[in-house]
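Subject: Structure handover

Hello,

Here is the structure I said I would pass on. Please open it alongside this note; my findings follow below.

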Amino acid sequence: MPKPNDDFDPELESTQAGEIAIVAGLGARKKAPVLEQVQGPGAPRSFPLAIDETVIGRGHQANITIESSRLSRRHMAVRRAGPEMSCVDLNSANGVYLNGVRAHSAVLHDGDTLQIGDVVFVFHEAGA
């Protein structure tokens, strides 16, 4: 009677496991960071931040246009600098509030809230 492990080849087994890991990772792409609008005109909705600079405002020149008289035409920008995302007030009349504190510019972290006028966003970092 043969032993149960007679056909076991450790080198073959590790190669197969490595191939499975490679195949599993082929379709995986990193998702873009997202601004989730939770309050204000048009909420709820989400905006992927797929370009290096996304301008938010009520004007047609903004990448994300929100119909609110409390927003400037070009109110705020969300910018990518390497792996970091930051928000920048574009000299708006009503300012930008990050987690309830007025900010001219700041690095964003997962779960941060951004308020511009009567619009509130939650920032979500990129994920797999």
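In which strand is the place of V78? V78 sits in strand β5. Keep in mind throughout that the model is predicted.

V78 counts as buried because its relative accessibility is 0%. Its C-alpha lies 5.2 Å from that of T54, although 24 residues separate V78 and T54 in sequence. Beyond the residues up to four places away, V78 touches L35, L49, D52, E53, T54, I56, M85, S86, C87 and L108.

Now the overall layout. The protein chain has one helix and eleven strands. The helix comes at the N-terminal end of the order, and the strands follow: α-β-β-β-β-β-β-β-β-β-β-β. Of the 128 residues in the protein chain, 33% are buried. Among contacts with a separation of 6 or more, 34% join residues 24 or more positions apart. The exposed area of the protein chain is about 8300 Å², with 51% of it from carbon and sulfur atoms.

Next, the cores. The largest nonpolar core holds 21 residues. L35, I56, M76, V78, L114, I116 and F121 have the most contacts inside it. At least two residues of this core come from each of β5 (76-81), β6, β10 (113-116) and β11 (119-124). β11 gives the most, with three residues. A second, separate core has five residues, among them V55, A62, A77 and L90.

L35 deserves a look of its own. Setting aside neighbours within four places in sequence, L35 is in contact with R45, S46, F47, L49, I56, V78, L114, F121, V122 and F123.

Last, a charged residue. Where does D89 lie? D89 is in strand β6, which covers residues 84-89. Why does D89 have no salt bridge with R102? The R102 side chain, the nearest of opposite charge, is 4.4 Å away, and a salt bridge has to fall within 4 Å. D89 is buried all the same.

The side chain of D89 does have polar partners. It makes a polar contact with the side chain of S92, at 2.8 Å. A polar atom of the D89 side chain also lies 3.2 Å from the backbone nitrogen of N91. Leaving out neighbours within four places in sequence, D89 is in contact with H75, G95, V96, R102, A103 and H104.

Over to you.

Best wishes

How values were computed:
Residues are numbered from 1 along each chain as its sequence is written. This is a predicted model: local features need pLDDT of at least 70, side-chain atom pairs count only at pLDDT 80 or more; totals for chains, interfaces and linings use all residues. Side-chain values use heavy atoms; hydrogens and water are left out. Helices (H or I, at least four residues) and strands (E, at least two) are DSSP runs, numbered from the N terminus. Buried means under 20% relative accessible area, exposed over 50%, partly exposed in between (1.4 Å probe, protein chains only). Lys and Arg count as positive and Asp and Glu as negative; His and the chain ends are not counted. A polar contact is a pair of N or O atoms within 3.5 Å; within protein, one must be able to donate a hydrogen and the other to accept it, and residues adjacent in sequence count only if both atoms are side-chain atoms. Contact means heavy atoms within 4.5 Å. Accessible areas come from the Shrake-Rupley method with a 1.4 Å probe; for residues, only the protein chains shown count as cover. A nonpolar core is a set of buried Ala, Val, Leu, Ile, Met, Phe, Trp, Tyr and Cys residues joined through side-chain atoms within 4.5 Å.
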